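Colleague: I've just opened this model and I'm lost in the overview. Please pick one part, take me through it residue by residue, and then show me how it fits with the rest.

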Amino acid sequence: MTIHVISNINGQENEGMRNIATHYSREWEKECTVLYSRLKDIPGLVKKTLSSDVTVVFARAGKALYYLIRVLCLLCKNVWLVCVQEPDRSYKALCERKAPGNHYFALIPEDLSGVKIKNGCKAVFLRVGINKDKFVPVSADEVYKIKQEYGFSPDKKLVVHVGHCSSGRGLEQFTKLSENDFEKLVVVSGMFEDKQTKDMLLKSNVRILSGYLQNVEKIYQMADVYLFPTKSIEYVISIPLSVMEALACGTPVAACSDLPGLKHIHAVDSAVRILSDEADMNSEMHMLSSLKSDKGLLSEPISWSICSAEALTAIRENLK
């Protein structure tokens, strides 16, 4: 079977959609022929769609993507759109007028809320995997060594975040943390960077590491608490991978909003705490840091190979 993947895969796992697309595609390569196209390469993606059994699109669903999907459905009977966020209003409105003939993969039911799906087309929910060999907890001694390696004091609690440095990400929460009690680190992907947000963090003595980190697991391993400050689904995929990776490394998570996807992440020992707007950030971080563990705090880690195999089964069943 030949699968045509349309996405902006570049070999780096530095963004949620790209991370999922990369892992699924790599696993599919073990059993299938996988062809790749970028979203803007219209001649290339048309040619590869015609020569493939299945086309899978990893992209945010908006107006432009709606029309691309319509074209792809004319070229191939088996087109799947992967929704890792709720589609925008324009996509939903256009689907209401005329639903394309594509199938859907989504992470949670909310991803397809208000999306009209053509009769006979399927909606299948994907599970989010994790690299269980990479994202693992380490001993207290190893945490000490990693903190020293990155220039942090082993005697202070370290609060970290990994993601985009965009204005809607909620990173202003880091300014509420006491500099006497905590060291603060934000690892930014290098995508969607907002200068004002970056300047705000630097003024609050938040250390910033920018760009793709091959050994990003060390960030989670040395952290005492992972702060997930995003409050809007517009700025994060439905099931935040960074939260899962932090938990897998034994690091508890403080979230600033009860986003729908968080309830699909099963943590042990109450290791994910939703903070209210009135919460004392400093006391909450101290409390959560006591849950830091040399054992994983993700109760149901699933490998990417299992997740991708489930998706492949759904694709094959649809070809029968």
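Modeller: Here is a close look at one helix and one of its residues, followed by the wider setting and a few other spots.

First, some ground rules. This is a predicted model, so you should know that local features need pLDDT of at least 70 and side-chain atom pairs count only at pLDDT 80 or more, while totals for chains, interfaces and linings use all residues. Residues are numbered from 1 along each chain as its sequence is written, and side-chain values use heavy atoms, with hydrogens and water left out.

The part I'd pick is helix α5, which spans residues 140-149 (helices are DSSP runs of H or I with at least four residues, strands are runs of E with at least two, and both are numbered from the N terminus). Which of its residues are buried? Val-143, Ile-146 and Lys-147 are, where buried means under 20% relative accessible area, exposed means over 50%, and partly exposed is in between, with a 1.4 Å probe and protein chains only. Looking down the α5 axis, you'd find these buried residues within an arc of 100 degrees, so they line one face of the helix; the arc is that of the directions from the helix axis to the C-beta atoms. On the face turned away from that buried side, α5 carries the exposed residues Asp-141 and Lys-145.

What do the buried residues of α5 pack against? Their partners are β7 (157-163) and α7 (217-222), with contact meaning heavy atoms within 4.5 Å. Just past the end of α5, Gly-151 has a positive phi of about 85 degrees.

Now zoom in on Lys-147, which belongs to α5. Buried or exposed? Lys-147 is buried, at a relative accessible area of 4%. Leaving out residues up to four places away in sequence, Lys-147 touches Phe-152, Ser-153, Pro-154, Lys-156, Leu-158, Met-222 and Asp-224.

For a second example, try helix α4 (residues 89-97), where Tyr-91, Lys-92, Leu-94 and Cys-95 are buried. Down the α4 axis, the buried residues fall within an arc of 165 degrees, so they also line one face of their helix. Turned away from that buried side are the exposed residues Arg-89 and Arg-97 of α4. The cover over the buried residues of α4 includes α3 (63-75), β4 (79-83) and β5 (103-106).

Let's step back to the whole chain. The protein has 10 helices and 12 strands. Its radius of gyration is 21 Å, close to the 20 Å from the globule rule for 320 residues, so the protein is as compact as a globular protein of that length (the radius is taken over C-alpha atoms, and the rule is 2.2 Å times the number of residues to the power 0.38). Along the principal axes, the C-alpha atoms fill a box of roughly 60 × 35 × 30 Å. Of the 320 residues, 54% count as buried. Among contacts with a separation of 6 or more, 70% come from residues 24 or more positions apart.

The protein exposes about 14,400 Å², and carbon and sulfur atoms supply 48% of that (areas come from the Shrake-Rupley method with a 1.4 Å probe; for residues, only the protein chains shown count as cover).

A nice case of sequence-distant residues meeting is Gly-16, in helix α1. The C-alpha atoms of Gly-16 and Ile-237 are separated by 6.2 Å, with the two residues 221 apart along the chain. Gly-16 is buried at 19% relative accessibility, and it touches Ile-237 and Leu-241, again not counting residues up to four places away. Also in α1 (residues 16-28) is Glu-27, buried at 18% relative accessibility. Outside the four-place window, Glu-27 touches Trp-304, Ser-305 and Ser-308.

Two loop residues to finish. Ser-257 sits in the loop between β11 (253-255) and β12 (272-274) and counts as buried at 18% relative accessibility. Beyond four places in sequence, its contacts are Thr-230, Lys-231, Leu-262 and Ile-274. Asn-205, in the loop between α6 (195-203) and β9 (207-210), has a phi near 60 degrees, which is a positive value in a residue other than glycine.
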